[in-house]
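Trainee: Hi! Could we go through this protein together? I'd like to start with the strands.

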Amino acid sequence: QVQLVESGGGLAQPGGSLRLSCAASGSIFMLYGMGWYRQAPGKQREQVATITRGSATYYTESVKGRFTISRDNAKNTVYLQMNSLKPEDAAVYYCTADVSPERGTSPRGYWGQGTQVTVSS
C-alpha cells in the first residue's frame, strides 16, 4: 500500500503565502508524476499543478506566476509553494502521485486525504 500525507494547509490572508507538502510512503518502487488538485465548495475538483520525475512542470492558468511546484525524489515528497494567495484559492488541496509498488508493475494513481487552505482577512 501507498500513503500520501499532506501538510501545511491553514489560514492565510489575501496576498499571503502557504507551503504545502505531501510525503509518499509505503510500498514504492518508483514514484512518477506527482501533483496537486483542489476542490472548493460547490465546485469540481481541478488540477492545480503537476511535476514529472524529471521536474517538468504544469500549472493551471489561474496560478501561474504565483504557485511553484517542486519535488524531492530522495524524500518522495512534493511541495506546493503558494504566494500572493487570493480568496478564490481557498479549497481543499489534494496531493496525487503515480506509483509503481514493485519492479515490473504498472504505475497507478494515489490520492492524499486533502488539506484545507483558507484565504481570508
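Trainee: Along S1, which side chains point to one face and are buried, and which point to the other?

Mentor: Good place to start, and keep in mind that this is a predicted model. Val2, Leu4 and Glu6 point to one face and are buried. Gln3, Val5 and Ser7 point to the other face and are not buried.

Trainee: Why do side chains alternate in a strand?

Mentor: It is simply how a regular strand is built: its side chains alternate between the two faces of the sheet.

Trainee: Okay, and which strand does S1 pair with?

Mentor: S1 pairs with S3 in the antiparallel sense, over 6 bridges. For one example, look at glutamine 3: its bridge partner in S3 is serine 25.

Trainee: What holds paired strands together in general?

Mentor: Strands of a sheet pair through backbone hydrogen bonds, and they can do so in a parallel or an antiparallel way.

Trainee: What is the strand order in the sheet with S1?

Mentor: The order is S1-S3-S8-S7, an open sheet of 4 strands with antiparallel pairing. Its edge strands are S1 (2-7) and S7 (67-72), and each of them pairs on one side only. On average, neighbouring strands in this sheet are turned by 15° against each other, ignoring direction.

Trainee: What about the other end, how many bridges link S7 and S8?

Mentor: S7 and strand S8, which covers residues 77-82, are joined by 6 bridges in the antiparallel sense. Try finding arginine 71 on screen: its bridge partner in S8 is valine 78.

Trainee: New topic! How many disulfides are there?

Mentor: A search of the whole structure finds 1 disulfide. Cysteine 22 is joined to cysteine 95, with an S to S distance of 2.0 Å. The angle about the S-S bond is -80°, and the link is left-handed.

Trainee: Where do those two cysteines lie?

Mentor: Cysteine 22 is in strand S3 (residues 18-26) and cysteine 95 is in strand S9, so the pair ties together parts that are 73 residues apart in sequence.

Trainee: Is cysteine 22 buried or exposed?

Mentor: Buried, because cysteine 22 has 0% relative accessibility, and anything under 20% counts as buried. Cysteine 95 also has 0% relative accessibility, so it is buried too.

Trainee: I clicked on threonine 96 as well. Which strand is threonine 96 in?

Mentor: Threonine 96 is found in strand S9, residues 91-100. With 12% relative accessibility, threonine 96 counts as buried.

Trainee: And what does threonine 96 touch?

Mentor: Leaving out residues up to four places away in sequence, threonine 96 touches Leu4, Gly33, Met34, Gly35, Tyr37, Tyr110 and Trp111. You have met Leu4 already: it is one of the buried side chains of S1.

Trainee: Let's zoom out. How many helices and strands does the protein have?

Mentor: It has 0 helices and 11 strands.

Trainee: And how does the radius of gyration fit a compact globule?

Mentor: A compact globule of 121 residues would have a radius of gyration near 14 Å, and the protein has 14 Å, which agrees. The C-alpha trace spans about 50 × 25 × 25 Å along its principal axes.

Trainee: Last one: what share of the residues is buried?

Mentor: Buried residues make up 39% of the 121 residues. As for the outside, the accessible surface comes to about 6,300 Å², and 46% of that belongs to carbon and sulfur atoms. Also, among contacts between residues at least 6 apart in sequence, 55% join residues at least 24 apart.

Note on methods: Residues numbered from 1 in each chain as written. Predicted model: local features only at pLDDT ≥ 70, side-chain atom pairs only at ≥ 80, totals over all residues. Heavy atoms only, no water. Pairing = 2+ DSSP bridges. Axes fitted to C-alpha atoms, helices over the stretch in contact; angles between N-to-C directions. Rg over C-alpha atoms; globule rule 2.2 N^0.38 Å. Buried < 20%, exposed > 50% of the residue type's maximum accessible area, 1.4 Å probe, protein only. Contact = heavy atoms within 4.5 Å. Areas by Shrake-Rupley, 256 points an atom, 1.4 Å probe, with all protein chains shown as cover. Disulfide = S-S within 2.5 Å.
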